[in-house]
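Here's a quick tour for anyone meeting this structure for the first time. Have a look at the view below, then read on for the main points.

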Protein chains: 4
Amino acid sequence: MARKPTSDSTRRSEKSRRAIYAAALALVGEVGYARTTIEGVAARAGVGKQTIYRWWSSKADVLMEAFLDLGAQAAEQAAGQDARPGAEYAVPDTGDLAADLKSVLRATVDELLDPQFEVPARALAAEGVVNEQLGREFVTKLLEPQLQLYVQRLRSAQDAGHVRADVDPRIALELFVSPLAQRWLQRTAPITHAYADTLVDYALHGIAPR
Amino acid sequence: MARKPTSDSTRRSEKSRRAIYAAALALVGEVGYARTTIEGVAARAGVGKQTIYRWWSSKADVLMEAFLDLGAQAAEQAAGQDARPGAEYAVPDTGDLAADLKSVLRATVDELLDPQFEVPARALAAEGVVNEQLGREFVTKLLEPQLQLYVQRLRSAQDAGHVRADVDPRIALELFVSPLAQRWLQRTAPITHAYADTLVDYALHGIAPR
Amino acid sequence: MARKPTSDSTRRSEKSRRAIYAAALALVGEVGYARTTIEGVAARAGVGKQTIYRWWSSKADVLMEAFLDLGAQAAEQAAGQDARPGAEYAVPDTGDLAADLKSVLRATVDELLDPQFEVPARALAAEGVVNEQLGREFVTKLLEPQLQLYVQRLRSAQDAGHVRADVDPRIALELFVSPLAQRWLQRTAPITHAYADTLVDYALHGIAPR
Amino acid sequence: MARKPTSDSTRRSEKSRRAIYAAALALVGEVGYARTTIEGVAARAGVGKQTIYRWWSSKADVLMEAFLDLGAQAAEQAAGQDARPGAEYAVPDTGDLAADLKSVLRATVDELLDPQFEVPARALAAEGVVNEQLGREFVTKLLEPQLQLYVQRLRSAQDAGHVRADVDPRIALELFVSPLAQRWLQRTAPITHAYADTLVDYALHGIAPR
DNA sequence: TCATAAGCGAGACGGTACGTCTGGTCTTGCC
DNA sequence: GGCAAGACCAGACGTACCGTCTCGCTTATGA
């Protein structure tokens, strides 16, 4: 997404890059996405505006990379050795599918409620709704890798006979992930651990009488 | 949301109001939400800027009312007598829950893919993600009334013994509605009638072996 | 010169206009022409940039009008009744041509050495050297009207037989005016009352033996 | 004016110097002084910006040296042996002062009308009006040496009794040189051979009846 | 003869100002 | 008093250059 035709990127200032990420995330957190401006980011980062325009094509683009970087850094910290970006954690596989899914979904609830994560994530998600290019990048780089972890766990559950063989795992995971996502994105209702548990139970056994 | 303290509203120009709605929807459709400006709407509607600021507080606010008006008009056309805004249709109740849900969900798929609907809806949804006040209004006035139709149908199904009594209908409906919403909002995957059907089946019977 | 296509100028803010003139002249006096910026003028005048760009096409244009206004105001003050702009004073006509010319030329020397006049005048003159359009306006509106006063006095002297009839007054005046102008503009040598007197004497009687 | 403390100047690239002069003169001729930029000169000369900043302190400085170099080269071509910079030619001395002055003044008219000379000369003159340091250098290096040629010729005329002994030659020459200079600089009126002749005649014999 | 230091092309950097665009407010007639 | 029109103050936009600062590369001694 970045407009990097000019760069051999050798001479790029690492210090500026980090300062810009930090400033962008801080400003979005403080005044929101709409009132975050490139000028503001540049001023806060102690950087010329051109240094931003040289490497990124838009405010959304800067924030996206800042957010990806934030995730990458968090991952590095969490597992110094296991730093494959974008696939930081796997869904646990204890053999108890319901428990494993609930555990991860509860962690997701906690993350979605963490203000430090929430504001930039919301800003990116909103921009992605309206800006197809950025939306697809958001999905490809952030969302889908997370969802694939569920796909893996569900496949393993199919092998163990805990999920029907004719079920498509990529669709199945949406039964409990999407409701959470929609409640968060659109604020249709509060999200809690109990709610997460309920979603998993309903998704596994359906709502019709057995 | 509108800032109507000034107005006596008696003298308000109906012609201007309709022209503003039309201009706002047209511009959003043509150039997208971000590049739609109050100035542009005013110019296109042949209206002074102040006439917009007098009755609405923001670009999002204008678009929201324009969109609600669009829905209301569509409803009036569809059913001259049954014009209760926001609750135009009920989910059909033929006794076959799966068929009824699939039928409505398929209609929703069609609507989400209609470009005339898609662009302003997407714009409003995006703004709502980031702007809590507008988001809540969007949910209250547009989304939740639609969802309550499913709640009614699910309650009726519970009465008929087709849905377990201990199931919360408000959560249950999210199993098939939210995945569709998320695929549309975030473009994680395409939405089709077949997909809608699958969601209903999975939601009713779960993904675990019976 | 101003780019006034938009304006009916009825609604133009007189207060802003005067504030802009004052700010422009003050800034040019304080930091020089090159370091005077439109942004600076706007800020100092407490005015939006667009209000400047709406009525003037360039920094030079603003300064030119500010300078003309300054002259007009000075003239109004000097002679409340005799406020014909651009032709404020006539060269005196006492019958003694040499004395009359020396008197006016000495006054010009004083004006050229007045810092309040010098800095903006120099800035305009410099811009006019390089910018033909502005240069011509400068000459037409400021310089030539002044020079025509000398033409009138020289014609009167011709009638009185104090200047040869075959002499072109428009050229003749340059013999004493242009040397002063060049010394001032290009700083080739200092300008004094004595120098002014010498120029008049040389011009009247030539440098060749009589 | 150049900031040469760093340099040992032995290692200086002659090729770059010439390329910079050529690029500067070409650009000033093509787009004018204001729109000539150091970056543009560097790019056109195929030179790094630092190579310019290393040897010159400003745009005006570069152009001044380029212009001096242009004059020096012209002089070298005109007289391979007589290449004293800045004092290439003397005013001819045929004994007929009027004829000698007219001849040189006519040549000056031709030079001032030569576009190749005019644009950079105008740019330098304009800068000099506003920038005292450069203005003085311009006068010292270019203008005054030329004027001194007239001083010499007028002294010789005084010796021959063709100019009054009490006349200051440095002032006298301005009677015919400055009008020409002002007409050129400020475009107050056209300059022609006939005009030059008239100036000489008026200056020699005055405008008063003899 | 070869390291070594200067000049060099290139271009990223922190800045400033440009001229444009829009936001939201205010003012002026018209209806 | 609502309205169309549009001037006003404010300030962000994305661009162009400023003058400084590395970066490797070439080149020309001088140890």
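For sorting residues, Ala, Val, Leu, Ile, Met, Phe, Trp, Tyr, Cys and Pro count as nonpolar, Asp, Glu, Lys and Arg as charged, and the others, Gly among them, as polar. With that in hand, the surface near DNA strand E splits into 8 nonpolar, 17 polar and 13 charged residues. Keep in mind that this is a predicted model. We'll start with the DNA and then turn to the place where chain A meets chain B.

**Around DNA strand E**

- A set of 38 residues surrounds DNA strand E, and the closest are A:W55, B:K49, B:Q50, C:Y53 and D:S13.
- Which part of the strand does the protein come up against? Of the atoms of DNA strand E that come within 4 Å of the protein, 60% belong to sugar and phosphate.
- Several helices pitch in with at least two residues each: α3 (49-55) of chain A, α2 (38-45) and α3 (49-55) of chain B, α2 (38-45) and α3 (49-55) of chain C, and α3 (49-55) of chain D.
- The top contributor to the surface near DNA strand E is α3(A), with 5 residues.

**Some individual contacts with the strand**

- A:R11 goes for a base: one of its polar side-chain atoms sits 3.3 Å from a base nitrogen of DNA strand E.
- A:S16 deals with the phosphate instead, with a polar side-chain atom 2.8 Å from a phosphate oxygen of DNA strand E.
- B:I38 uses its backbone, placing an N or O atom 3.2 Å from a phosphate oxygen of DNA strand E.

**Where chain A meets chain B**

- Each partner brings 48 residues to the contact: 48 from chain A and 48 from chain B.
- Between them, chain A and chain B bury about 4600 Å², with 61% of that on carbon and sulfur atoms.
- How many salt bridges cross the interface of chain A and chain B? There are 4.
- One salt bridge joins B:E174 to A:R183, whose closest N and O atoms are 2.7 Å apart.
- Polar contacts link 26 residue pairs across the interface of chain A and chain B, counting pairs with both residues at pLDDT 80 or more.

**Chain A's side of that interface**

- Helices α6 (115-130), α7 (132-159), α8 (169-172), α9 (174-186) and α10 (193-205) of chain A each put at least two residues on the side that touches chain B.
- The largest share there comes from α9(A), with 9 residues.
- By type, the side of chain A that touches chain B has 25 nonpolar, 11 polar and 12 charged residues.

Definitions and conventions: Residues numbered from 1 in each chain as written. Chains lettered and ligands numbered in written order. Predicted model: local features only at pLDDT ≥ 70, side-chain atom pairs only at ≥ 80, totals over all residues. Heavy atoms only, no water. Near = heavy atom within 4 Å. Polar contact = N/O pair within 3.5 Å; in protein donor to acceptor, adjacent residues only side chain to side chain. Helix = DSSP H or I, 4+ residues; strand = E, 2+ residues; numbered from the N terminus. Contact = heavy atoms within 4.5 Å. Buried area = accessible area lost by both parts, 1.4 Å probe. Salt bridge = Lys/Arg side-chain N within 4 Å of Asp/Glu carboxyl O.
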